[in-house]
Structure formats: C-alpha cells, structure tokens
Amino acid sequence: MTWEDVINLEKEKDYYKNLHNEIEKRYKTSTVFPEKKNIFKAFSLTKLENLKVVILGQDPYHGFGQAQGLAFSTPSEIKNPPSMVNILKEINDDLGKKSICEDGDLTLWAKQGVLLLNTILTVEESKPKSHHKLGWEIFTDNIIKYISENCSDIVFILWGAPAIAKTKLIDKSKHHILTSPHPSPLSSYRGFFGSKQFSKTNEILTSLKKEPINW
C-alpha cells in the first residue's frame, strides 16, 4: 500500500465526499490555505514505506503565504512564526546545534521520514480552525489509525492537548509516544522547552537500528 492507496480508500467514503464538496465550494468563495495542490503534500514528501516519525499539528497557518501543506512548516522566504521559532530554539538547546531547517521550511525533515500532519488540512485566511468539523478530523484520525495498525515502531510526537488526545488512536504496545505542551508562545514555557523530544526520538530510532533524523 502507498499513501495514494490509503487516501483513495478514504475518498470513497460518504464523509469524504461531503468534505470534498464543501472544501471545493470554500476554495471558490473564500481565500483558503494551503494552495489546493498542497493539501496532501505531507504524504507526497514522506513515503509510507519510509515513515519513522509522526508530528501532529492542528490546522494550517492562516496568514497569507505561510501554509505549505506540512504541519509547522513555512516556505523559506516567510518569517518564522512564533511556534517555529520555539521549535528551533528547543532543537538548539536539546542537540547543541542549529537545525538544518533554520529557515522554517521542514521539507528536509519530511524527506527523512517525518510525517508533518495537521489534524485539519485546510483553513480560511485569518480564521484559525475555520474548517474544524467539516470532516478533516475523521480523515486524519483514520490516517493515524492506519499507521497504528499497519506500521510498527513509529515515534509519535504529540504537542498540546488536541494532539495528545489522539493517543487513544495509537497502539502503545507497537509504537512510541512522546508528549509535551505545544510550542506556541502561550504554552511553550509550561514544558515544551526542555522536553528534549528531538534527542529522545533519535535515541528510540537508534535503539531500533534505524537512521536517526538530522533535525
């Protein structure tokens, strides 16, 4: 199975047909991010057979030009959003060196097997969570369940309460779950800083004789 196979199975379901129709309508009547061609970009960059790590976000950035289809990631020419600034700070503190993605574009992580998955895959400009409860949560819950059931020894990195709530979808006997507060400035000082999840992830991957991530 490839991601395309998995996604095509979802597209045959009634909930997805309703979601698709609603999303198509919203792209025509309002400004929606990311560009339509990038909705599934996370899946095209991180092949299912190469999957090592899942980082869960909430919904795409809602500022113009920021969202590119990868959770937390922005195009290199865009100023790093506050959450990304805090992620880069924690990498530096945790690993003692700067990230390879200092410009905020996390494509290089994705190509190493890090699935950067938002739980909602589209958003309207300047309206966070505007596509909440349209059906994306069903889709991404099913993706998480598919990974849990069909893969083994995946490291799930869950930041913040909405992501941590997805723990119930993951078979803890087969996978590894790391949790912390969200890297947003509102919560980063409550335990995201100092959580050392990047080094912990690599320790797990090394113990499994998998190539660690070059963060």
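Visitor: Which residues does the UniProt annotation "domain: Uracil-DNA glycosylase-like" cover?
Guide: The model shown here is predicted, whereas the domain label comes from the UniProt record, where the entry is unreviewed. Over the annotated stretch the chain is 30% helix and 14% strand, and the end C-alpha atoms are 22 Å apart. According to that UniProt annotation, the domain covers residues 44-205.

Visitor: In what order do the four strands of the open sheet lie?
Guide: The pairing in this sheet is parallel, and neighbouring strands are turned by 20 degrees against each other on average, with direction ignored. Strand E3 (114-118) and strand E6 (176-180) each pair on one side only, as edge strands. Read across the open sheet, the order is E3-E2-E5-E6.

Visitor: Which residue of E3 is the bridge partner of Ile 55?
Guide: Strands of a sheet pair through backbone hydrogen bonds, either parallel or antiparallel. Strand E2 (residues 53-57) and E3 run parallel, and five bridges join them. For Ile 55, the bridge partner in E3 is Leu 116.

Visitor: Is H2 parallel, antiparallel, perpendicular or oblique to H6?
Guide: Helix H2 (residues 14-29) and helix H6 (residues 136-150) have axes that come within 9 Å and cross at roughly 130 degrees. Angles of 65 to 115 degrees count as roughly perpendicular and those over 145 as roughly antiparallel, so the class that remains for H2 against H6 is oblique.

Visitor: Is the crossing of H2 and H6 left-handed or right-handed, and how do the residues of their contact divide by class?
Guide: The crossing of H2 and H6 is left-handed. On the H2 side the contact involves Tyr 15, Tyr 16, Leu 19 and Ile 23, which meet Trp 136, Ile 138, Phe 139 and Asn 142 in H6. By class, the residues of this contact divide into seven nonpolar, one polar and no charged.

Visitor: How is H1 oriented against H6, and how many residues of each class does their contact have?
Guide: Helix H1 (residues 3-11) packs on H6 at an angle of about 135 degrees, with the axes 11 Å apart, which makes H1 oblique to H6. H1 passes H6 in a right-handed crossing, and the contact is made by Trp 3, Val 6, Ile 7 and Glu 10 of H1 together with Phe 139, Asn 142, Ile 143, Tyr 146 and Ile 147 of H6. Sorted by class, the contact of H1 with H6 has seven nonpolar, one polar and one charged residues.

Terms used. Residues numbered from 1 in each chain as written. Predicted model: local features only at pLDDT ≥ 70, side-chain atom pairs only at ≥ 80, totals over all residues. Heavy atoms only, no water. Pairing = 2+ DSSP bridges. Helix = DSSP H or I, 4+ residues; strand = E, 2+ residues; numbered from the N terminus. Axes fitted to C-alpha atoms, helices over the stretch in contact; angles between N-to-C directions. Parallel < 35°, antiparallel > 145°, perpendicular 65-115°, else oblique. Left-handed = near helix turned anticlockwise from the far one by under 90°. Contact = heavy atoms within 4.5 Å. Nonpolar A, V, L, I, M, F, W, Y, C, P; charged D, E, K, R; others polar. UniProt positions renumbered as here; feature names shortened; annotations may be inferred.
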